[in-house]
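Me: I should like to go through a structure with you, one topic at a time. Could you take my questions as they come?
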Amino acid sequence: MSVLGFLGAIAVSWLLGNSHVTELFIQLHLIQANPPSWLMPPEVSNKYYLLAPTVILLVLAQVVMKLSPEPTTWSRRLVAMTLFALFLRYFFWRSLSSLNLATPVEGIFSLMLFLMELLAMGGGALQLLLLLTVKNRDREAEKYSVAVKENSYNPSVDILIPTYNEPDFILKRTIIGCQAINYDNKQVYILDDTRRQSVKQLAQELGCHYITRSDNFGAKAGNLNNALKKTSGELVVVFDADFVPTTNFLERTVGFFQKDKIALVQTPQSFYNSDPIAHNLGLQEVLTSEEEVFYRHLQPIKDGTGSVVCAGTSFVARRNALREIGYFATQSVSEDYFTGIQLSARGYELVYLDEKLSAGLAAESIGAHIEQRLRWVRGTLQAFFIKSNPLTIPGLNLWQRLGHLEGIFHWFTCIPRVFFLIVPVICIFGQLNPVLSSSSEMVYIFLPYYMMQLTMFSWLNKRSRSVLLSDVYSLIQAIPVFVTVFKVMFSPFGKGFKVTPKGLSRDKFNYNWSLALPMTILFGATMVSFSVSLLNPPSTSFNLGLYWSSYNLLTISVAMITLLDLPKPSFYEWFTIKKEIDVYSDRSTYQSVTQKISEEGVEIILERSADLSTDVFVELLPEVLIVSGKVTRSYLENDYLIVTIKFNQLNLEQHRELVEMLYCVPGRWQKRNTPNELQSIFILFKLVLRPLMFLNSKKVSKLKLQY
């Protein structure tokens, strides 16, 4: 027996000294040795026959996706029931046939792995159940918006923008966007919790209201509550300081409040920059943001169960309903989430409208990204320690509680994710085999379940994330979330609200060593165990440790690469937008097309022979925005001249036109599909080679100059 196995035997010997426990192990071992016949693969000479269930299900999946490219009621329910049936078969096989209870140590380890699998799959099984109730509000929005557009329903609206230390240029963009909304009966308020003179002057310059207070009690919730007592609009809209609405935001949302029982309408959080994981991997145009899974897939599910999550920004609420519950909840750092729960408990309806009607800044470094997730963990799990716990608060029905349970349960799946990272190491160094399985069983039972998950996962979540890429995202935050979950359960209010830093720039690479340290240790241990298993394969049984180690090495490698924050030379986002542009130089006038536009300049493409002076005027068409600027960079590419022009100081009217053009046009923020599973595999292997590019100094220099 290995040293690990010997220590494990000592650890469990006291437990097995109990005669009842020993008898239980004996009975479980007998069940594993004699599983029900209906679980076992058919006895046939041709083993290819065992692939029949997998092939049939894959064909069924392709037929469903062909007939229903987007999930509908019938297709969603068919797939959900199929996956749930496969889940049950997998569960019975794992519990009745594949557990290795031959020795005490192997038995404990085998049971632990099985329990972790159940914890990991539990959230997925709950989602399959809730898929039966998905809602789509597009038709309702169209119907209700008619009265708003015709001005027959136009309640007064207060737009509140809470701020705490966000840079003035970000606030200015948001205020301009809010003022540009097509709705006359509105007032815009900036709620400054840092009492800055510059913000007060900005409010005066832009013509919006300014509210502050003497303390910061209750953080964001307290800031909003203070403003609610000083305003009077029938409806209240909240935008975080970095979120800019499209001009039709109120036209699409206000109409719902013609129905008296609706207290809140939530819209998705979209982002006009890529998240730091996509940015650091160089996949800005390929990967969707992590939040897409929640807003594109989970929120419609929660809407069907009456458990919509208020997300803290880009929502409209009825003032009277908020007044009835004492305004925004201050007991937790997730004031938005628990405010929504209290409204539901009072019998009000929360609506989710899946239309991208605003966009904000995603976290701009991997450290800020993780810290934001940890705040969400703390806020959600504080539910267990306050009166607004959705599992116990009076007034919610069973479906509503199940909808909220899924969200709470999600954060506990980090425990099996971390456990799965060390399973192959334990298997190889401890010489343990936690799963007793023949190749026939893997093909007949495991393969159909896993292949169906791979095939249908992206389709079910409306192509917002593939299984493999989703796993990489979850791995990056698994260890910090794992630690935070346990901290919160023992000290739920030990850490206060911390605002995610926004509006950053950096001209250097920065590697997050604090996040990398545990991954480095895991990678080293996994590499050693993989080598040992490769050189000394087991003589019998399926080599679980070897194959699992291979997968972990791949995903850990990619996760470690994401921890290198790339340079971000500009405070502003540069958008790939094609627009006609005239460039006036003292030497000539050129007609061109923009390649990129931002609030600080444009990038255009000209003929190779173009000869521009340093100082120019540009006229963007058809908006007829005329701005002076300077040529700051030019280079040849594919026999064309690429020129970057930085704007000179913009006046307020020019800035308004530019912001409205870049951020506020209805339909500006479109949904993008994630790569499928085959593409994801290719991407992962390609990313493993990505560090080699940093050995090329020319490519590094090019990265530093990218907008």
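**An asparagine, a strand pair and the cysteines**

Reply: Certainly; please note that the model is predicted. To begin with a polar contact, the side chain of Asn512 comes to 3.1 Å from the backbone nitrogen of Leu515.

Me: Where does Asn512 lie?

Reply: Asn512 is in the loop that links β10 (510-511) to α20 (513-535).

Me: Is Asn512 buried or exposed?

Reply: Asn512 counts as buried, because its relative accessibility is 13%, below the 20% limit.

Me: And which residues does Asn512 touch, not counting those up to four places away in sequence?

Reply: On that count, Asn512 touches Ile366, Gly367 and Leu563.

Me: Turning to the strands, in which sense do β2 and β3 pair, parallel or antiparallel?

Reply: Residues 186-192 form β2 and residues 209-212 form β3; the two pair in the parallel sense, over 4 bridges. Ile190 stands opposite Tyr210 of β3.

Me: How does the chain cross from β2 to β3?

Reply: The chain passes through helix α8 (residues 197-206), and this β-α-β crossover is right-handed.

Me: A change of topic: how many disulfides does the count come to?

Reply: The count comes to 0 disulfides. Cys208 is in none, and the nearest cysteine sulfur, belonging to Cys178, is 9.0 Å away.

Me: Why is there no bond from Cys664 to the closest cysteine sulfur?

Reply: That sulfur is in Cys178, and because it lies 8.5 Å from the sulfur of Cys664, the two are too far apart for a bond.

Me: Are Cys208 and Cys664 buried or exposed?

Reply: Cys208 counts as buried at 11% relative accessibility, and Cys664 counts as buried at 1%.

Methods:
Residues numbered from 1 in each chain as written. Predicted model: local features only at pLDDT ≥ 70, side-chain atom pairs only at ≥ 80, totals over all residues. Heavy atoms only, no water. Buried < 20%, exposed > 50% of the residue type's maximum accessible area, 1.4 Å probe, protein only. Polar contact = N/O pair within 3.5 Å; in protein donor to acceptor, adjacent residues only side chain to side chain. Contact = heavy atoms within 4.5 Å. Pairing = 2+ DSSP bridges. Right-handed = clockwise from strand over helix to strand, strands pointing away. Disulfide = S-S within 2.5 Å.
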